[in-house]
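Here is a short note for a colleague opening this entry for the first time. Please keep the viewer open while reading.

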Amino acid sequence: MTLGLVGPSLHAREPSTRDVAGWTVAVGKDGEGCFITRSYDRIGGTTLLLGLDPDGANRLSVLNAHWSIKPKAQLKLDFRLSGGSYPKHFAVGIASEGKQGFVTSFEPQFPTYFATSRLLEITRGEVPVERLDLAGSGAAVTALRRCVAEQRAQAKRADKPDVRADDIPVDPFATSAKAKRKK
């Protein structure tokens, strides 16, 4: 899934985006999943994105214009939610629209933990990286899951062949229409 990190601006509103409890919910650029995002008013303008694919895979990205993480840099960060933590969790450096940051993924239950947390704290060893208020994340994750379900349903409709009655030939204009009926 493309989270919109390459493509439309993170702040641009497209017809497929909607606001839910202070979060923006949008379809990923590739149409394979959805993401929620929130921008925080602080030095460097921190942006948080949580993406979810139809298969349950997720990605968390955090970006800031003042950070010096290099793209593809590998690092270990500590993540703490209200109900648990992920110590020394692997992340990869990314850059998008003048901001640097990282992307990581978690087990399929992570969106549930995210939705029930009030705060996300990220540290790099003893160095604090970010402390992000997750107010409204429960409603946002519900909308995220709904968005992914809609994408999954659209994909199934697109894959489903046009159903025709048995007595209608595939090509009713063929010279021998009766011989070319759908079987």
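The points below go from the whole chain to the sheet and then to the aromatic residues.

1. Status and make-up. This is a predicted model. The protein chain has 2 helices and 10 strands. Read from the N terminus, the order of elements is β-β-β-β-β-β-β-β-α-β-β-α. Eight β symbols thus precede the first α in that string.

2. Burial and surface. The protein chain has 183 residues, and 40% of them count as buried. Its accessible surface comes to about 10500 Å². Carbon and sulfur atoms account for 53% of that surface.

3. Contacts along the chain. Take the contacts between residues at least 6 apart in sequence. Of these, 50% join residues at least 24 apart.

4. The sheet. How are the 10 strands of the open sheet ordered? The order is β1-β2-β3-β4-β5-β8-β7-β6-β9-β10, and the pairing is antiparallel. Strands of a sheet pair through backbone hydrogen bonds. The edge strands are β1 (18–20) and β10 (127–133), each of which pairs on one side only. From one strand to the next, the twist averages 30 degrees.

5. The β1 edge. Strand β1 is joined to strand β2 (residues 23–27) by 3 bridges. The two strands run antiparallel. One residue pair to look up here is Asp19 and its bridge partner in β2, Thr24.

6. Aromatic pairs. The structure holds 8 aromatic pairs. One involves Tyr86 and Phe110: the ring centres are 5.7 Å apart and the planes stand at 65 degrees, so the pair is edge-to-face. Where do these two residues sit in the chain? Tyr86 lies in strand β7 (residues 84–96) and Phe110 in helix α1 (residues 110–115), so their pair ties together parts that are 24 residues apart in sequence. Both Tyr86 and Phe110 are buried.

7. A second partner for Phe110. Phe106 also pairs with Phe110. Their ring centres lie 4.0 Å apart with planes at 10 degrees, so this pair is stacked. Phe106 is buried, as is Phe110.

8. The cluster. Which residues form one aromatic cluster? They are Trp23, Trp67, Phe79, Tyr86, Phe102, Phe106, Phe110 and Phe114. Tyr86, Phe106 and Phe110 from the two previous points are therefore among its members, with Phe110 pairing edge-to-face with Tyr86 and stacked with Phe106.

Definitions and conventions: Residues are numbered from 1 along each chain as its sequence is written. This is a predicted model: local features need pLDDT of at least 70, side-chain atom pairs count only at pLDDT 80 or more; totals for chains, interfaces and linings use all residues. Side-chain values use heavy atoms; hydrogens and water are left out. Helices (H or I, at least four residues) and strands (E, at least two) are DSSP runs, numbered from the N terminus. Buried means under 20% relative accessible area, exposed over 50%, partly exposed in between (1.4 Å probe, protein chains only). Contact means heavy atoms within 4.5 Å. Accessible areas come from the Shrake-Rupley method with a 1.4 Å probe; for residues, only the protein chains shown count as cover. Rings of Phe, Tyr and Trp (its six-membered ring) pair if their centres lie within 6.5 Å; planes under 30 degrees apart count as stacked, over 60 as edge-to-face and the rest as tilted. Two strands pair if DSSP finds at least two bridges between them. Axes are lines fitted to C-alpha atoms, for helices over the stretch in contact, and angles run from 0 to 180 degrees between N-to-C directions.
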